[in-house]
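Reader: I have a structure open and want to talk it through. Can we start with the overall picture and then look at a few details?

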Amino acid sequence: MTREAIDYGQFEAGRDVNYWTLDRTLQYEARRTYPDEEFAWAEPRLEAFGDVVGSTIADNADRIDRHGPELHTYDQHGEVRNEVEYHPAQDENERISYEKFGLTHDAFHAPPGRDEPLGLTHTLTQQALLSYADPGFVCPVSMTTGVALVLDEFDDGSLDGYFDRLTSRDADEHIEGAMFLTEKQGGSDVGANETVAEEAPDGSYRLTGEKWFCSNIDAQGALALARRPDAPDGTAGLSLFLVPHTKPGGMVNDALFRRLKDKLGTISVPTGEIEFRGAEAFLVGEPENGFRQMTEMLNFERLSNATAAVGIMGRALLESKVRAANREAFGEVIQDYPLMRRDLVDMAVDYEAAAAFTFDGARVLDRYRREGRETEAGERAFKLVRALVPVAKHVTARMAVETASYACEVLGGNGYVREFVTPRLLRDAQVLPIWEGTSNVLSLDLLRALDREDAHEALLPAIRANLDAAEHPCLDEPTAAIEDAFAGLQESLVHLAGADGEYAQLHAKKLANYVFDVYTAALLVKEAQERIDSADDARKALVAKRFVDTRLCEPDARGITSDERFSIGQFDAVVRYASVEPATLVESAPADD
């Protein structure tokens, strides 16, 4: 099926448009990673959600960013109140997201028109669309899903009331979740946690201690780690607790919200400091098993962080395309100039790479969730999740910052003015490398996954299978380059496995980037083959070639002497989604003498 190129000159900005219908990359990744029957149900709903996010939610997000939440710690009598006041537009966004589109419901309960829940891929696709407008709001949406995942997996039923409200489609019944890990003295060192949990006569607990960076501070369903008396030091001694904002009887819990952080971005989600003063809490799962249980949520949150990066990149790219198609300079629209074409092509290729890797991670996470670790397929999925998730979060977060930054530049002076969306995209993107683990923490997590959980046993076969799927002659050149890089990656893994810990840590971040580049390149050529087979369209092959050329190849003289003009000749295909006949990418064989 031939698709016409999108004329971005018809739009004034990336607003009052349907983010789903304009994002053919996201459409493709969803179609590829959803089970067929789930996608058939979801597609019209994703289109409807893309429409409302591109209008109502986007408008509300701008208002909320200018008038962020305000904390009222005390009432007029000096009693602790711990109330967060929101702009009224936040309530509308929540009702649209939670009630009409079931963002935290549909992965746990059958939505209207279905007999079964959907996979987390659907949840993450919705979050990517929502991040086009407000990545800050995606934080509580994601954490609410994450808390529900933990309760669904580990709770014995005693907290069903919280689970039901976290996953409710009724906005008046719905509550949000949160994850309070960070303490001032510990930061990423969660094992340094000093919060204490004392058991009460009724079997509940009382938490005492401080939490330093609490996003969605007033969540009614927050999870926190604390140490019971006589429990071991480090992460092995931590238990997991649900700490409500208000007690079951309706009284404000025994905590003090000291202040909200004055953050650079993600203004829509209130982040603050909490001092627990004997706060009522409820044990989740087995005691002294809290950190392992929390990692179930953390894996999802890190992948959610990556989908937020995808959404920010998608919006930044859209704003750049529209601007470049409309802005005239020196007698031509700027998208016609070679340098701008090159920049937009490379932004588009980065976006496709981030989306492909992230949604492959979502696909594998869903497989692990369905299978569990009891089956061979489930164990293989678990190992692949452990390899992909930290890499996805690490790499896409940095890509989002770079893409949002350059989008400001494409818009010129307007791109630095708050009346336009690009400054907010940049401010919101900057938290992505920090939330849920910094780049260093995530790179070290990859080393642990390879060393302790043999994640390479699933990672390397997955790359091999993707490479083996590429058969069309137009893919021969990029596939050969990927084969060389794949051999280099395997050599690197063997070398680091035999190296001392200090040396392995020194190269951990380089390894994480290497895994992303090789895995993504192999995935893109597989996608290119699928697109050729299904639609006789080689556009994705061009994307794969450009990614390989820029990530895996080192041309002489930095490519300046190569006479390469890819970005000029393939602009319409890569940036504007025009179809390409596969035969046009295969060089004619020389005639026989």
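**Overall picture**

Author: Of the 593 residues in the protein, 58% are buried. Keep in mind that this is a predicted model.

Reader: How many helices and strands are there in the protein?

Author: The protein has 19 helices and eleven strands. Its radius of gyration is 24 Å, close to the 25 Å given by the globule rule for 593 residues, so the protein is as compact as a globular protein of that length.

Reader: And what box do the C-alpha atoms fill?

Author: Along the principal axes, the C-alpha atoms of the protein fill a box of roughly 95 × 55 × 45 Å.

Reader: What share of the contacts with a separation of 6 or more comes from residues 24 or more positions apart?

Author: Such residues account for 75% of those contacts.

Reader: Surface next. What area does the protein expose, and how much of it do carbon and sulfur atoms supply?

Author: About 24,800 Å² is exposed, with carbon and sulfur atoms supplying 46% of it.

Reader: And charges: how many positive and negative side chains?

Author: There are 61 positive and 106 negative side chains. The centres of the two sets lie 3 Å apart.

Reader: Changing topic, to helix α5. Where is it, and what should its residues span?

Author: Helix α5 covers residues 120-131. At 1.5 Å a residue, its twelve residues should span 16 Å, and the end C-alpha atoms are 16 Å apart, which agrees.

Reader: How many of the residues of α5 are buried?

Author: Twelve of its twelve residues are buried. Among them are L120, H122, Q126, Q127 and S131.

Reader: Now backbone angles. What is unusual about phi in N82?

Author: N82 is not a glycine, yet its phi is positive, at about 50°. Most residues other than glycine have a negative phi.

Reader: Where does N82 lie, and is N82 buried or exposed?

Author: N82 lies in strand β2, residues 80-85. Its relative accessibility is 1%, so N82 counts as buried.

Reader: What about phi of D454?

Author: Phi of D454 is near 50°, again a positive value in a residue other than glycine. D454 lies in the loop between α12 (439-452) and α13 (456-468).

Reader: Why does D454 count as partly exposed?

Author: Because its relative accessibility is 29%, and partly exposed covers the range between under 20%, which is buried, and over 50%, which is exposed.

Note on methods: Residues numbered from 1 in each chain as written. Predicted model: local features only at pLDDT ≥ 70, side-chain atom pairs only at ≥ 80, totals over all residues. Heavy atoms only, no water. Helix = DSSP H or I, 4+ residues; strand = E, 2+ residues; numbered from the N terminus. Expected span 1.5 Å × (residues − 1). Buried < 20%, exposed > 50% of the residue type's maximum accessible area, 1.4 Å probe, protein only. Rg over C-alpha atoms; globule rule 2.2 N^0.38 Å. Contact = heavy atoms within 4.5 Å. Areas by Shrake-Rupley, 256 points an atom, 1.4 Å probe, with all protein chains shown as cover. Lys, Arg positive; Asp, Glu negative; His and termini not counted. Charge placed at Lys NZ, Arg CZ, Asp CG, Glu CD.
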